[in-house]
Each structure stands twice: as C-alpha cells, then as structure tokens.
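Hi,

Here is the structure I said I would pass on. Have a look at it first, and then read my notes below.

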Amino acid sequence: MSIDVCQVVKSFDGHPVLRGVNFEVPSGKLVALLGPSGCGKTTLLRIMAGLESADGGQVLHSGKSLDEQNARDRNFGLVFQHYALFRHLTVYENVAFALRVRHRPQAEVDRRVRELLGLVQLDGHEKRHPAQLSGGQRQRVALARALATQPAVLLLDEPFGALDARVRQELRTWLRRLHNEVHLTTLFVTHDQEEAFEVADQVVLMNQGRVEQVGTPAQVFEEPASPFVMRFLGSVNVFQGRIEGGRAHLAGMEFAAPSGPREVAEEGEAAQVFVRPHELELHVVPAPESFPARVQRISPVGNSVRVELVSERPEGVPLSAEIDLARNAQLGLQAGDRVFVAPRRLRVFTDREHRDSLSASGL
C-alpha cells in the first residue's frame with residue numbers, strides 16, 4: 001500500500017510549482033510533507049488524490065500507476081483544513097454520506113458510522129449539527145468521514161491549520177494515537193515543524209517545488225542536508241568562517257568541518273557556520289573554544305531562558321542562546337554582563353552551498 005512519487009513536475013501559467021519531486025510514503029507509515037507556504041505541498045497532494053494532473057512524472061500506488069484512475073477510483077481519504085462538512089446534515093449523516101453514495105446496506109452504514117464515532121471519540125454526538133461542535137470536534141468528524149469507506153491511503157492537507165494552538169496540540173496527540181491503532185498509510189501536509197516532528201514517522205521537507213531532504217524527524221533536525229533545512233527548522237546563529245586544512249576556522253578558533261552528502265570544500269573557501277541557540281554554552285570565565293560577548297536581553301521562554309547577545313569577536317554579530325532555568329540561576333546573568341560563548345555543536349556549509357540553497361529558494 002505504499003505511495004511512490006516519481007519525478008513529478010507541474011506548472012501553472014508557465015510558473016514551475018513542482019520540479020521533479022521524488023519520495024516514498026511507505027506502507028502503514030505516517031509521512032509529513034513539510035515546507036513553507038508556496039513550496040508545492042498542496043499541489044502535490046491534489047495530484048496524488050486525482051484532483052490535479054501532473055505535467056510529467058507519475059504517482060504509483062503499490063507499484064501501479066494512478067494516471068488512468070479518477071479521484072473516486074483511487075479510494076483515497078481526504079481531509080482539508082476547513083472541514084468541508086455538510087452544515088444541514090447531522091454528524092451521523094456527514095460520516096454516512098460516502099457510504100450512502102456507494103449504496104451500502106443500512107445495517108453496514110449504521111455499524112460503520114458508530115464504529116468510527118467511537119474511534120474519533122464522538123460517541124453521543126450523532127444527532128448534532130456541525131454548528132453545535134467545536135473546531136476540534138468538526139475536524140474529527142471530517143476525519144471519520146474520510147475513514148468511512150476504509151480508504152487505502154489517507155491524505156491530510158493542513159488539517160489543524162484553522163484551530164488555535166491548544167486544540168492543535170490536543171489533536172496532534174490524538175492523531176498519532178489514532179494512527180498507532182489503524183496503521184493506515186498517511187500523508188500529512190503541514191508548514192509547522194513542531195506538528196510534523198510530533199506526528200510523523202518520516203519527514204519530507206520541500207522548498208520551491210523540490211525535495212530538500214527526507215528522513216526521520218531526528219535525522220532531518222540533527223543532520224540538515226542544506227542551509228535551507230537548517231534555517232527552516234527553527235532559530236539559528238550564523239557566522240562567517242573559512243575552511244582550511246579540512247577544518248572550519250571561526251573567530252580565531254578551529255572546529256571540525258562535519259562531512260556529509262555535500263561536495264568537498266576547497267582549501268580556503270568561505271563558509272557559513274550554523275549553531276542552534278540551545279547548542280551555545282555560556283560561561284562567566286573563558287572556556288575552551290569560546291569567545292566573548294555582551295548580554296543584551298534575557299527573556300523566559302517556558303522551561304528555558306533565551307539570552308540575546310552581541311559577540312565581541314567576531315565583532316557585532318547578534319546571537320541567541322537558550323539555557324535551562326537551573327543554569328540561568330547559576331550564572332545570575334544581567335543585561336550588560338560579559339560572558340564567554342562556546343559552541344557545543346555546529347554545522348558548516350560552504351558559501352557555494354549557501355548560494356545554491358538561496359537560488360533554489362528563489363531568493
């Protein structure tokens with residue numbers, strides 16, 4: 001029941017939207033299609049569902065091309081951001097709709113609807129109308145309706161995008177729990193990194209109609225394949241460095257230049273050095289491989305503290321560090337204090353890779 005996307009291309013009015021997209025949705029897995037608005041995620045999902053046609057390439061289901069199948073024959077369940085429920089129908093009739101269109105016996109309809117309402121935790125809501133439900137409840141009705149015909153694949157297009165943060169968090173947890181029960185091959189489109197990482201078994205990260213990286217949430221976060229991936233997945237500090245002797249040189253310090261699937265840097269080549277805020281250690285006295293900086297602002301952020309700084313070497317580079325509450329209490333920092341910043345982990349990309357990433361982003 002896997003889905004294979006093979007060299008799919010699509011343009012609208014001469015503007016390329018998908019540029020040779022390749023990836024697999026393995027059978028029984030929940031895959032997040034992640035990327036910024038306008039990168040082609042929804043267009044790709046609509047092609048997979050049969051609502052749009054590709055200009056080139058193909059989508060395979062269990063090894064067979066879907067090119068000649070219309071949307072209904074594919075038997076893919078669809079859930080969109082804005083529910084698309086029938087306002088004049090009850091919850092029961094909304095879920096039953098696809099079964100009635102297929103002329104299923106009433107006993108089967110009744111059994112399946114009640115089974116699904118139990119699955120999505122809406123027992124006792126059968127006679128209510130969509131207007132009588134919360135946003136989260138409406139989205140669960142939409143999901144139950146998509147599951148009614150026992151689809152081979154479930155496609156979710158920003159399903160929680162119209163909901164507030166608390167409800168989104170609850171539904172993410174619920175969706176992951178539901179998937180663990182039904183193990184339905186699922187593609188989940190989102191622009192929210194936290195949502196993708198919390199829900200998905202695998203992440204496909206897109207940028208400007210191309211796939212930038214495919215991997216588990218941990219792989220994509222810890223081993224970014226490009227500067228775009230590094231920047232997209234949360235805040236980063238960026239330094240200018242240089243590659244010499246196979247190592248990265250930054251502010252008079254020397255670090256290993258991590259190897260990866262990227263082209264080998266030339267000797268003396270300029271490089272971009274990326275460090276995430278939680279990977280900067282702060283000290284009140286000089287530490288190995290550290291450089292001085294001044295504290296500008298300290299802000300509590302949940303269970304941690306964000307420390308905004310300006311480096312003294314290299315001069316004037318704004319930095320953001322994130323430390324836990326215990327470490328903050330131990331340091332006792334105040335605005336204006338001088339500290340020493342030690343990068344605990346860094347990623348290095350050459351300036352060529354950085355320019356290539358910007359070019360691929362259309363910037």
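**What I found**

Let's start with Glu-194, which sits in helix α7, residues 193–199. Before going further, please keep in mind that this is a predicted model, so every value here is computed from it.

Which residues does Glu-194 touch, leaving aside those up to four places away in sequence? They are Gln-169 and Arg-172. With Arg-172 there is also a polar contact, side chain to side chain, at 3.1 Å. If you look for Gly-234, you will find its C-alpha atom 9.5 Å from that of Glu-194, although the two residues are 40 apart along the chain.

**The chain as a whole**

Stepping back, the protein chain has 363 residues, and 49% of them are buried. Its secondary structure comes to 11 helices and 20 strands. Along the principal axes, the C-alpha trace spans about 75 × 45 × 35 Å. I also looked at contacts between residues at least 6 apart in sequence: 69% of these join residues at least 24 apart.

**The cavities**

How many cavities of 30 Å³ or more does the structure hold? There are two.

The largest cavity has about 70 Å³ of space in it. To find it on your screen, pick out its lining: Leu-30, Leu-143, Leu-147, Leu-154, Leu-175, Leu-178, His-179, Val-182, Leu-184 and Thr-186. Sorted by class, that makes eight nonpolar residues, two polar ones and no charged ones. Two helices, α5 (135–147) and α6 (165–182), each supply at least two residues of this lining. The largest share comes from α6, with four residues.

The second largest cavity has a volume of about 50 Å³. Around it you will find Val-79, Gln-139, Arg-140, Leu-143, Leu-156, Pro-159, Phe-160, Leu-171, Trp-174 and Leu-175. Here, too, α5 and α6 are the elements that give two or more residues to the lining. By class, this lining has eight nonpolar residues, one polar and one charged. Leu-143 and Leu-175 are worth picking out, as they line the largest cavity and also the second largest.

**The cysteines**

The disulfide count is zero. Take Cys-6: it is in no disulfide, and the nearest cysteine sulfur, that of Cys-39, is 19 Å away. A disulfide needs the two sulfur atoms within 2.5 Å, so at 19 Å Cys-6 and Cys-39 do not form one. Seen from the other side, Cys-39 has the sulfur of Cys-6 as its nearest cysteine sulfur.

Are these two cysteines buried or exposed? Cys-6 is partly exposed, with a relative accessible area of 24%, whereas Cys-39 is buried, at 1%.

**Two backbone angles**

Finally, have a look at two residues that are not glycine but have a positive phi. One is Gln-7, with phi near 50°. Gln-7 is in strand β1, residues 3–12, and counts as partly exposed at 47% relative accessibility.

The other is Asp-13, with a phi of about 55°. Where does Asp-13 lie? Its place is the loop between β1 and β2 (15–25). With a relative accessibility of 85%, Asp-13 counts as exposed.

Best wishes

Conventions:
Residues numbered from 1 in each chain as written. Predicted model: local features only at pLDDT ≥ 70, side-chain atom pairs only at ≥ 80, totals over all residues. Heavy atoms only, no water. 1 Å grid on protein atoms, 1.4 Å probe; cavity = no way out; pocket = protein on both sides within 12 Å on 5 of 7 lines; lining within 4 Å. Points joined across faces, edges and corners; volume = space filled by probe spheres on them. Nonpolar A, V, L, I, M, F, W, Y, C, P; charged D, E, K, R; others polar. Buried < 20%, exposed > 50% of the residue type's maximum accessible area, 1.4 Å probe, protein only. Contact = heavy atoms within 4.5 Å. Polar contact = N/O pair within 3.5 Å; in protein donor to acceptor, adjacent residues only side chain to side chain.
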